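Student: I would like to go through this model and ask what justifies each label put on it.
Tutor: Then put the questions one by one, and each value will be set against its cut-off.

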Amino acid sequence: WLALVWPFSLAMLLYSGNKNFKRAFALTFSVAIVAALILTDSRNAWGGLILAVPLVFGPSTWSWLIPVLILFLMPIVFSVTPGIHSQLQEVARRFVPEGIWSRLNDMQYLDQRSLDSTRLGQWKVAIGFIFERPLIGLGAAAFSILYPLRTGYWHGHAHNLPLEIVVSHGLPVAILIVGTVLALLITSLKVGALKSKDY
């Protein structure tokens, strides 16, 4: 949910028509969202945090923004990639908080995990739940209760927002929520981000 709100918060912050009070509010809100996203300890949330930046700034900024993002991400890549020289990895980890590189570093053990404990396994079970009651869903937080009963593993959610909404509240609600957000993103690209050179 935070990753979903982040692009709109960033766009409001960058919009030059805002008055000082609104800009200050947007800045405070954006900083709070970034802090909350980092504290979720979710790799998907971190990815959404980075991915939204070039999309919101628009293609006219990509010539300098993408190299800056790559430069910013290089220490993280070096700190978690298997096969990197140990000394170089040690230097990189000095610049990256341990909570981040240790969380990203456990991806190398995915092949040792049961399919039921991975995202693919969670999504497969979630899709099965959807077929059981597609129109009205199984109720809020149903996934966290039913998933352990089916697989023996505990996960608090489906690790996929659209799937989570469908499982809990049904297809009509998911289409309404996800469709609205997609429509806003597409409209903003058409009338703003893909046309404007700056804010």
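**Labels and their grounds**

Tutor: Ile-186 is a place to start; its position is in helix H10. Keep in mind that the model is predicted.

Student: Why is Ile-186 called partly exposed?

Tutor: Its relative accessibility is 45%. Buried requires under 20% and exposed over 50%. The value for Ile-186 falls between these limits, so the residue counts as partly exposed.

Student: Which residues make up the nonpolar patch on the surface?

Tutor: Phe-8, Leu-182, Leu-184, Leu-185 and Ile-186 form it, and together they have about 410 Å² of accessible area. Residues enter a patch with over 30% relative accessible area, and Ile-186 has 45%. Helix H10, residues 171-193, supplies the largest share of the patch, four residues.

Student: How many helices and strands does the chain have?

Tutor: The chain has 10 helices and zero strands. Its pattern along the sequence is α-α-α-α-α-α-α-α-α-α. Of its 199 residues, 31% count as buried. The accessible surface comes to about 12,700 Å², and 71% of that belongs to carbon and sulfur atoms. Among contacts with a separation of 6 or more, 60% are between residues 24 or more positions apart.

Student: What is the confidence in the chain, as pLDDT?

Tutor: The average pLDDT is 81, and 87% of the residues score at least 70. Among the elements, helix H9 (residues 161-169) has the highest mean, 91, and helix H6 (residues 98-105) the lowest, 72. Over residues 108-112 the pLDDT is below 50, and this stretch has one contact in the model beyond near neighbours in sequence.

Student: Turning to the rings, how many aromatic pairs are there?

Tutor: The count comes to four aromatic pairs. One of them is Phe-129 with Phe-143.

Student: What makes the pair of Phe-129 and Phe-143 edge-to-face?

Tutor: A pair of rings is described by the distance of the centres and the angle of the planes. For Phe-129 and Phe-143 the centres are 6.0 Å apart and the planes stand at 80°. The cut-off for pairing is 6.5 Å, and planes over 60 degrees apart count as edge-to-face. Both conditions are met, so the label edge-to-face applies to Phe-129 and Phe-143.

Student: Which parts does this pair tie together?

Tutor: Phe-129 lies in helix H7 (residues 119-132) and Phe-143 in helix H8 (residues 142-151), so the pair ties together parts that are 14 residues apart in sequence. Both residues of the pair, Phe-129 and Phe-143, are buried.

Student: Why is the pair of Phe-143 and Tyr-147 called stacked?

Tutor: The ring centres of Phe-143 and Tyr-147 are 4.9 Å apart and the planes are at 20°. Planes under 30 degrees apart count as stacked, so this pair is stacked. Phe-143 and Tyr-147 both lie in helix H8, four residues apart, which is about one turn of the helix. Tyr-147 is buried, as is Phe-143. Phe-129, Phe-143 and Tyr-147 form one aromatic cluster.

Student: Which residues of H8 are buried, and what covers them?

Tutor: The buried residues of H8 are Ala-142, Phe-143, Ser-144, Tyr-147 and Thr-151. Their cover includes H7 and H9.

Student: How do you know that Gly-137 is buried?

Tutor: Gly-137 has 2% relative accessibility, and the limit for buried is under 20%, so Gly-137 counts as buried. Gly-137 is in the loop between H7 and H8. Neighbours within four places aside, Gly-137 is in contact with Val-166, Val-167, Ser-168, His-169 and Gly-170. Gly-137 and Val-167 are 30 residues apart in sequence, and their C-alpha atoms are 5.1 Å apart in space.

Student: What is noted about the phi of Ala-141?

Tutor: Phi of Ala-141 is near 65°, a positive value in a residue other than glycine. Most residues other than glycine have a negative phi. Ala-141 lies in the loop between H7 and H8. At 42% relative accessibility, Ala-141 counts as partly exposed, because buried needs under 20% and exposed over 50%.

Student: Where is His-159, and what is its phi?

Tutor: His-159 is in the loop between H8 and H9. Its phi is positive, about 60°, although His-159 is not a glycine. Gly-152, just after H8, takes a positive phi of about 90°.

Terms used: Residues are numbered from 1 along each chain as its sequence is written. This is a predicted model: local features need pLDDT of at least 70, side-chain atom pairs count only at pLDDT 80 or more; totals for chains, interfaces and linings use all residues. Side-chain values use heavy atoms; hydrogens and water are left out. Patches are made of residues with over 30% relative accessible area and no salt bridge: like charges are joined within 9 Å, nonpolar side chains (Val, Leu, Ile, Met, Phe, Trp, Tyr) within 5 Å. Accessible areas come from the Shrake-Rupley method with a 1.4 Å probe; for residues, only the protein chains shown count as cover. A salt bridge is a side-chain nitrogen of Lys or Arg within 4 Å of a carboxyl oxygen of Asp or Glu. Helices (H or I, at least four residues) and strands (E, at least two) are DSSP runs, numbered from the N terminus. Buried means under 20% relative accessible area, exposed over 50%, partly exposed in between (1.4 Å probe, protein chains only). pLDDT is the predictor's confidence in each residue, from 0 to 100. Contact means heavy atoms within 4.5 Å.
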